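Subject: Handover of a structure and notes on its features

Dear colleague,

Please find below the structure that I am handing over to you. I would be grateful if you would read the notes after it with the structure open beside them.

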Amino acid sequence: EEKWDFVLVSNIHEMGSEKEIKRKKFLDELSKKGFTIKKIEDKKLFYGVRASKHIFQKYQWLQRNPDSRAQNPSDNHDIPVTTRIRIVNFILQNTVTPDLEKLHDLMKKKVFETMFPLHEKEEERKLLEETWARWRQIFHRQPIEKIRCYFGEKVALYFAWLGWYTCLLGIAALAGLAVFVAGITVFNSSQVSKEICEANNTIMCPLCDQKCPFWLLSDTCTYAKVTHIIDNEGTVVFAMFMAIWATVFLELWKRQRATVVTNWDLYRWDEEEEELAMELINNLQHEPQKHQHSYLRSTIVLLLVLLMIAVLIGIAHALVIYRVVATALFTQSNLEFLREQANTMAVMTGAVLHYITIVIMTKVNRHVALYLCDLEKPRTFSHRENNFTVKFFTFQFFTNFSSLIYVAFFLGRINGHPGNYVRVAGKWRLEECHPSGCITDLCIQMAIIMLLKQTISNVIEYLIPWIAYKRRKKQQCPKKRSMMVGEEEEVEDPCKRQWLSNYQLNEVNVFSLFDEFLEMVIQYSFTTIFVAAFPLAPLLAFCNNLFEIRLDAIKMVQLRRRMVPRKANDIGIWLQVLEAIGILAVIGNGLVIAITSDFIPMQVYKYTYSPCVTENITGVDCLAGYINHSLSVFRIQDFEPYTKVPETLPDFVTDDIKECRYQDYRNADDYSYTVQFWHIFATRLAFLILFEHVALCIKLIAAWYVPDVPQSVMNQFLDRKHSNLRKELSMMDYSTE
């Protein structure tokens with residue numbers, strides 16, 4: 001049975017045309033290197049290529065185990081299919097024609113349409129489908145060794161990491177669910193929400209300049225109860241837990257990875273040596289590209305990166321302006337529901353708009369990151385991949401989180417106060433926080449983005465390849481020709497059917513696995529950085545990942561062409577990215593609790609200004625009076641001329657309103673900050689410093705406590721070194737005799 005390493009596909013060009021000549025030159029170069037080429041003609045031209053044995057013998061000799069130098073180059077073992085494909089792909093990509101053109105250049109000029117390695121025969125592929133790429137296998141262990149033998153080490157390590165991440169995410173999901181349930185069960189007993197619900201005489205200032213009435217604080221009773229589900233003491237503990245979880249997860253993954261790659265005998269594999277070996281196999285005269293660094297080029301790239309980040313922050317500002325304008329328009333709506341829920345509707349529609357900008361900017365960010373990588377001129381493919389990963393992730397981080405950072409740390413804190421509001425374009429005033437805090441706005445924003453990303457994105461991720469595959473299959477399916485009487489049926493080349501079925505599958509590229517990694521790392525960011533505002537984030541991520549593993553498996557086995565296997569002994573630069581996210585998670589959660597949450601103001605009140613302290617009263621809740629303490633008084637006569645005070649007073653008021661309340665700590669006479677404001681500000685800062693230092697210390701202790709490499713792996717290497725040294729010594733004694 002004929003086996004082919006790769007298939008090149010080309011359109012049928014006219015004889016003697018420039019494209020046909022270029023194609024022939026390239027195929028001639030492959031023939032000189034000992035490749036066997038088979039041509040099959042259909043609606044397209046298909047060229048099967050198979051490398052000669054001596055190419056793989058060279059590879060085996062160069063990559064032989066350095067501990068066993070006595071190996072004979074003629075003692076050949078069957079080389080794995082994944083290694084064959086990887087070597088052939090490298091040679092195909094780096095073969096140069098007499099016109100100094102590579103395959104990449106020829107594909108740009110439409111000389112060749114595409115190239116791909118072949119999936120294994122139906123039986124072998126079926127085995128992987130049955131044990132892995134099936135929805136019913138959703139709660140079963142993944143066959144990592146089979147994945148490695150079919151798709152290579154890099155893909156296998158991705159799924160090993162994803163499986164490990166999902167497994168430990170289950171613990172975080174249970175903890176988050178427990179905190180959420182605890183919030184639901186205790187919110188009725190919250191003194192803060194109770195005071196808001198009973199504040200029938202507390203008149204609040206209008207939420208907009210036109211058509212907005214005065215309103216009662218008790219109108220937001222439900223909102224206050226929902227806020228307390230998220231903003232309670234359990235959230236602080238959960239945020240600390242997630243900081244430790246992120247560290248333990250990475251440390252345990254390092255141990256798991258060490259065990260896996262040791263079993264594959266790749267623990268000390270050198271990627272640079274592998275690339276040099278393949279360069280020499282392809283061209284014995286090859287000279288390695290030297291390490292270089294240009295400060296000018298690095299400065300230009302850095303400035304362009306900062307410019308792109310500024311653009312992304314500008315888009316976040318545009319979303320802020322949208323929310324401000326939307327709130328103003330909703331409050332002037334004729335629909336009573338929109339007027340009453342103007343702020344919530346602005347938050348929700350803003351979150352949807354944020355999701356749309358994420359989808360659009362992802363494509364823009366990719367092109368910009370690739371352009372910057374081209375400017376840097378990286379030495380090898382792995383260097384290029386690492387540079388691209390860091391830049392693209394940085395852009396994606398700002399795309400995903402700029403709006404969330406505004407909601408978490410700036411919303412309601414830079415808007416001024418009645419009589420002196422900060423306005424956009426001198427007209428629309430910035431949004432305010434609810435009297436029970438801004439954390440619910442952040443929770444809504446995160447919930448909408450995570451749900452949209454994990455539902456719509458996954459549906460599209462599966463449906464588009466599935467529809468494309470069905471459409472291509474229908475287009476390529478040949479109609480059976482009617483047979484004449486006595487005519488024998490033409491025997492079809494068995495390769496033709498296999499090549500066509502592989503060609504009908506969806507195309508893969510160097511970014512196929514990168515995109516899967518990026519999706520999961522962005523999800524990991526959502527799960528850890530702002531988890532204090534949304535304790536259900538780990539649960540949503542856990543449920544998503546159970547389906548994500550099988551979805552990716554089905555795409556790779558059934559809907560896509562075979563990926564070019566790549567050798568690896570870790571997940572690469574992604575590990576450093578995950579560690580950076582772990583540190584950002586400590587900072588982010590510390591800021592959410594210190595700034596976004598009302599946890600600190602409540603604790604300051606409880607231990608400094610409450611009746612329990614000032615009046616030494618026992619038997620009452622120490623937070624009694626907190627809401628009245630956190631609201632400032634504003635005189636109606638001090639409103640700006642632009643603000644239109646409602647002429648028709650609400651039904652609940654009998655006398656003219658002379659004062660209204662708003663959330664802030666300001667004096668009633670000159671609206672300057674009170675002593676309480678500075679007390680709370682200092683406590684927030686002290687808590688932030690304490691939280692981050694304690695969390696980082698615990699992270700460092702956890703990283704030290706859990707060794708990166710298991711003792712069994714270290715002992716295995718120790719025994720191997722000892723055995724090799726003993727063998728060398730015995731061989732020396734034998735030669736001396």
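The notes below describe what was found in this structure, beginning with the whole and then turning to particular sites.

**Overall picture**

Please keep in mind that this is a predicted model. The protein is built from 25 helices and 12 strands. Along the principal axes, its C-alpha atoms fill a box of roughly 100 × 80 × 55 Å. Of the 737 residues in the protein, 50% are buried.

**An internal cavity**

The search of the whole structure returned 2 cavities of 30 Å³ or more. The notes here concern the second largest cavity, whose volume is about 50 Å³. Its lining consists of Leu 312, Ile 315, Ala 316, Leu 319, His 354, Thr 357, Met 361, Phe 398, Thr 399, Ser 402 and Ser 403. Helices α12 (295-331), α14 (342-376) and α15 (381-409) are the elements that each give two or more residues to this lining. In chemical character, the lining comprises 6 nonpolar and 5 polar residues, with no charged residue.

**Helices α14 and α15 beyond the cavity**

Two of these helices deserve a further look. Val 352, Leu 353, Ile 356, Val 359, Ile 360 and Val 364 make a nonpolar surface patch of about 440 Å². One member of the patch, Val 359, has its place in helix α14. The relative accessible area of Val 359 is 39%, so this residue is classed as partly exposed.

Helix α15 contains Phe 388, a residue that is buried, with a relative accessible area of 4%. The C-alpha atoms of Phe 388 and Tyr 371 lie 9.4 Å apart in space, while the two residues are 17 apart in sequence.

The loop between α14 and α15 holds Lys 377. The phi angle of Lys 377 is positive, near 55°, although the residue is not a glycine. Most residues other than glycine have a negative phi. Lys 377 is also exposed, with a relative accessible area of 57%.

A second residue of this kind is Lys 110, which is not a glycine and has a positive phi of about 65°. Lys 110 is found in the loop between α4 and β4 (114-117). With a relative accessibility of 55%, Lys 110 counts as exposed.

**Salt bridges**

The structure holds 33 salt bridges. Three of them, and one network, are described here.

What does Lys 22 pair with in helix α1? The side chain of Lys 22 meets that of Glu 18 in a salt bridge, at 4.0 Å from N to O. Glu 18 and Lys 22 are 4 residues apart in helix α1 (residues 18-32), which means that about one helical turn separates them. The two partners differ in their surroundings: Glu 18 is exposed at 57% relative accessibility, whereas Lys 22 is buried, with a relative accessible area of 11%.

Lys 22 also forms a salt bridge with Glu 101, in which the closest N and O atoms are 2.9 Å apart. Glu 101 belongs to the loop between α3 (81-94) and α4 (103-108) and Lys 22 to helix α1, so this pair ties together parts that are 79 residues apart in sequence. Glu 101 is buried, with a relative accessible area of 6%.

Another salt bridge joins Glu 271 and Arg 566, with 3.8 Å between the closest N and O atoms. Because Glu 271 lies in helix α11 (residues 271-282) and Arg 566 in the loop between α19 (537-559) and α20 (574-596), the pair ties together parts that are 295 residues apart in sequence. Glu 271 is partly exposed, its relative accessible area being 29%.

Finally, a network of salt bridges links Lys 126, Glu 129, Glu 130, Arg 134 and Arg 136.

With kind regards

Conventions: Residues are numbered from 1 along each chain as its sequence is written. This is a predicted model: local features need pLDDT of at least 70, side-chain atom pairs count only at pLDDT 80 or more; totals for chains, interfaces and linings use all residues. Side-chain values use heavy atoms; hydrogens and water are left out. On a 1 Å grid over the protein atoms alone, a cavity is a set of points where a 1.4 Å probe fits but cannot get out, and a pocket is an open set with protein on both sides within 12 Å along at least five of seven lines; lining residues have an atom within 4 Å of a point. Grid points are joined across faces, edges and corners, and a volume is the space filled by probe spheres set on the points. Ala, Val, Leu, Ile, Met, Phe, Trp, Tyr, Cys and Pro count as nonpolar, Asp, Glu, Lys and Arg as charged, and the others, Gly among them, as polar. Patches are made of residues with over 30% relative accessible area and no salt bridge: like charges are joined within 9 Å, nonpolar side chains (Val, Leu, Ile, Met, Phe, Trp, Tyr) within 5 Å. Accessible areas come from the Shrake-Rupley method with a 1.4 Å probe; for residues, only the protein chains shown count as cover. Buried means under 20% relative accessible area, exposed over 50%, partly exposed in between (1.4 Å probe, protein chains only).
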